[in-house]
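Thanks for sharing this one. Here are my notes, set out as numbered points to read alongside the model.

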Amino acid sequence: MRSLLQYCDLTFIFFCMKITLLLISSIISHFAFSQWNISTQNCVGGTSYDDPKSSIKLSNGNHIVVSESSSGISGNKTDANIGGIDIFVVALDNNLQIVWQKTFGGTLDDRPIDVIETSDHKLLIIGNSLSQIGGTKTAPNYGGPDIWIIKTELDGTVIWDKTIGGDQADLAGAIQEIESGNFIIHGESDSGISGNKISSNKGQTDGWFIKIDKNGNILTDKSYGGSDPDFSSLGLIYHNHEIIVSLFSSSNISGDKTENSYGGDDFWICKLDTNGNLLNQKTIGGSGNEGMSLLQITST
């Protein structure tokens, strides 16, 4: 069967360190890439470290790129470094020219993971933060890295920021909006009940499900895992009122885990309901280590 992409006209934006952006138009045919034609490009950043992590196209036609940055005012970066590594957000038009840019952070390291446009046409930026209140951060640190969520207007004006975490390391993996207007976050946690985390630790690192409302208030959080480390990947799918997440697991049957490890890290695929309750699970792997990054819905 031929690829569904065979005769599709496609436009891509690629980005790499120092936020070099290439707008590339091409046609995929006969199972092979034709010549890539670069229609425009731009380089965004300062004289230090600028590393993009995620990008989206907005409903207003602009593109948003979120990156880590330790650069001060230099190059074409107009904001000072706040402290350590900051979250650097750049809006670009279709010609990849800068529309606006914002730097978010406290006095320590603050690293972005993902960004989405919400149904009410705001930006929701999710990352990990070591910083206490200071700089642009108004939410406290609970211990170790916490999940940091920033909601802004489409021009980068901050509406609110919230941290979620316990007294150990708590890391974000991905975020999605669901039909109710609430948001689901999948990550990982070493914390027990502490800070604003209400679910207990199952053993070392657990998968962590969080649901928040549009104002960032926590509606529920659930930890799930076995007796050994179970690390979150970036895999998160919401479909037909069910959630599929992917993790790396070295746990045998214990805690919430119903299948033994095959050796090293395995894929651990879990189905959850919208309250984070575990509905089904599958462990997939061999004798070595298996790693997964993303999940994709198929047509069958």
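1. A reminder to start with: this is a predicted model. The protein chain has 20 strands and zero helices. Of its 300 residues, 48% count as buried.

2. Two overall values are handy to keep beside the picture. Among contacts in the protein chain with a separation of 6 or more, 48% are between residues 24 or more positions apart. The accessible surface comes to about 13,400 Å², and carbon and sulfur atoms account for 54% of that.

3. I would look at strand β6, residues 63-69, with some care. How many of its seven residues are buried? Seven of the seven are, so the strand is largely enclosed by the rest of the structure. H63, V65, S67 and S69 point one way from β6, while I64, V66 and E68 point the other way. Residues on both of these sides are buried, and the cut-off behind that word is a relative accessible area under 20%.

4. Which strands pair with β6? One is β5, residues 50-57, which runs antiparallel to β6 and is joined to it by seven bridges. Within this pairing, S54 stands opposite V66; V66 is one of the buried residues of β6. The other is β7, residues 86-92, also antiparallel to β6 and also joined to it by seven bridges. Here E68 of β6 stands opposite I87 of β7.

5. The hairpin of β5 and β6 deserves a look of its own. Five residues lie between the two strands, and G61 takes a positive phi near 95 degrees in this hairpin.

6. Just before β5 there is a loop that follows β4 (37-43), and S48 is found in that loop. Is S48 buried, partly exposed or exposed? S48 is partly exposed, because its relative accessible area is 35%, which falls between the 20% and 50% cut-offs. S48 and S70 are 22 residues apart along the chain, yet their C-alpha atoms are separated by 5.9 Å.

7. Lastly, the aromatic rings. A search of the whole structure finds one aromatic pair. Two lysines also lie over ring faces: K77 over the face of F88, at 5.0 Å from the ring centre, and K197 over the face of W208, at 5.4 Å from the ring centre. F88 falls within β7, residues 86-92, so you can find the K77 contact by following on from point 4.

Note on methods
Residues are numbered from 1 along each chain as its sequence is written. This is a predicted model: local features need pLDDT of at least 70, side-chain atom pairs count only at pLDDT 80 or more; totals for chains, interfaces and linings use all residues. Side-chain values use heavy atoms; hydrogens and water are left out. Helices (H or I, at least four residues) and strands (E, at least two) are DSSP runs, numbered from the N terminus. Buried means under 20% relative accessible area, exposed over 50%, partly exposed in between (1.4 Å probe, protein chains only). Contact means heavy atoms within 4.5 Å. Accessible areas come from the Shrake-Rupley method with a 1.4 Å probe; for residues, only the protein chains shown count as cover. Two strands pair if DSSP finds at least two bridges between them. Rings of Phe, Tyr and Trp (its six-membered ring) pair if their centres lie within 6.5 Å; planes under 30 degrees apart count as stacked, over 60 as edge-to-face and the rest as tilted. A charge sits over a ring if NZ of Lys or CZ of Arg is within 6 Å of the ring centre and within 35 degrees of the ring normal.
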